[in-house]
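Q: I have a model open and would like to go through its interior and its ligand site. Could we begin with the core?

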Amino acid sequence: MACNVSKEAAMELVNLRRSIRNYTDTPVSEDDLRTILEAARQAPSGENYQPWRFTVVRDQENKDFLSMVGKAGSGRRFTSELLSRHIMERFVNLKDPEKRAKAFKKLTSGDVSAFVNQADVIILISGRLDVWDAPYDTSAAIENMCLVATSLGLGTCWVGAATLDVRDERRINQYFGVPAGYKSFGMLAVGEPARYPHARPRHLLSEIVYKEKFGVPYYEKEPENKEA
Ligand SMILES: Cc1cc2nc3c(=O)[nH]c(=O)nc-3n(C[C@H](O)[C@H](O)[C@H](O)COP(=O)(O)O)c2cc1C
């Protein structure tokens, strides 16, 4: 199979993608939107069921609704993480109590997911409830969209906060007319980035790749990262 995309170009795309939470007012062109949706359509799916459906949301009022539900969902999630102390795992390196308090406040307020209404487009991703692989299929479609949007110079953010709690998901389905038999799995904000954040940390390959048996490191030491 001949492929014109170099390894460097493919890895550049993967490495350039970020979750973008600040957007300009510049609209996403219909051409670009179509390319992004086409990337979703070409994603793999279990038994090729293609259980996904994509609702393009551009109306400000409708985006505000998604933002409001996302903010509440995110706030509840992080409040429970704080109460159960799970949040501490993520902040072991943040020792400064003032900075810690600020970060916890931002997370528990839900503000961290309220940004979606800034994006020109929000794509609501729903999938057939009767298809076993629908959560994985829709995830593959979302990642395809993220990568192709990156190649177009656009930013995306995959947001689960608004659909994680089934009560929120029902509200969203009712509001957008998602019929029974479909579940909304998440949304994707798409727009021109106003701010391009630093890369978030990742576990090392030597920590997460195993040889034959779980837990046995495949790489004794971190392999040289030729793509970075
Ligand atoms: C399934 C899933 C759900 C996510 N939900 C949210 C969300 O509700 N709000 C948000 O701001 N970011 C959300 N994100 C983005 C992650 O926070 C982000 O991918 C992660 O911190 C790594 O940062 P990066 O995407 O910039 O590499 C989600 C990502 C995934 C894959």
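A: The largest nonpolar core has 35 residues, and those with the most contacts inside it are Ile 122, Ile 125, Met 145, Met 187, Ala 189 and Val 190. Such a core is a set of buried Ala, Val, Leu, Ile, Met, Phe, Trp, Tyr and Cys residues joined through C-beta atoms within 7 Å, buried meaning that 20 or more other C-beta atoms lie within 10 Å of a residue's own, with C-beta atoms placed from the backbone.

Q: How far should I trust the details, and how is the numbering done?
A: This is a predicted model: local features need pLDDT of at least 70, side-chain atom pairs count only at pLDDT 80 or more, and totals for chains, interfaces and linings use all residues. Residues are numbered from 1 along each chain as its sequence is written.

Q: Which element gives the largest share of this core?
A: The largest share, 6 residues, comes from α6. Helices (H or I, at least four residues) and strands (E, at least two) are DSSP runs numbered from the N terminus.

Q: What is Met 187 in contact with, sequence neighbours within four places aside?
A: Its contacts include Leu 66, Ile 122, Ile 125 and Val 159; contact means C-beta atoms, placed from the backbone, within 7 Å.

Q: On to the ligand: which residues surround it?
A: Among them are Arg 18, Arg 21, Ser 74, Cys 157, Trp 158 and Arg 200, where near means a C-beta atom, placed from the backbone, within 6 Å.

Q: Which strand gives the most to that shell?
A: Strand β3 (residues 155-159) does, with 3 residues.

Terms used:
Buried ≥ 20, exposed ≤ 12 C-beta atoms within 10 Å, placed from the backbone. Contact = placed C-beta atoms within 7 Å.
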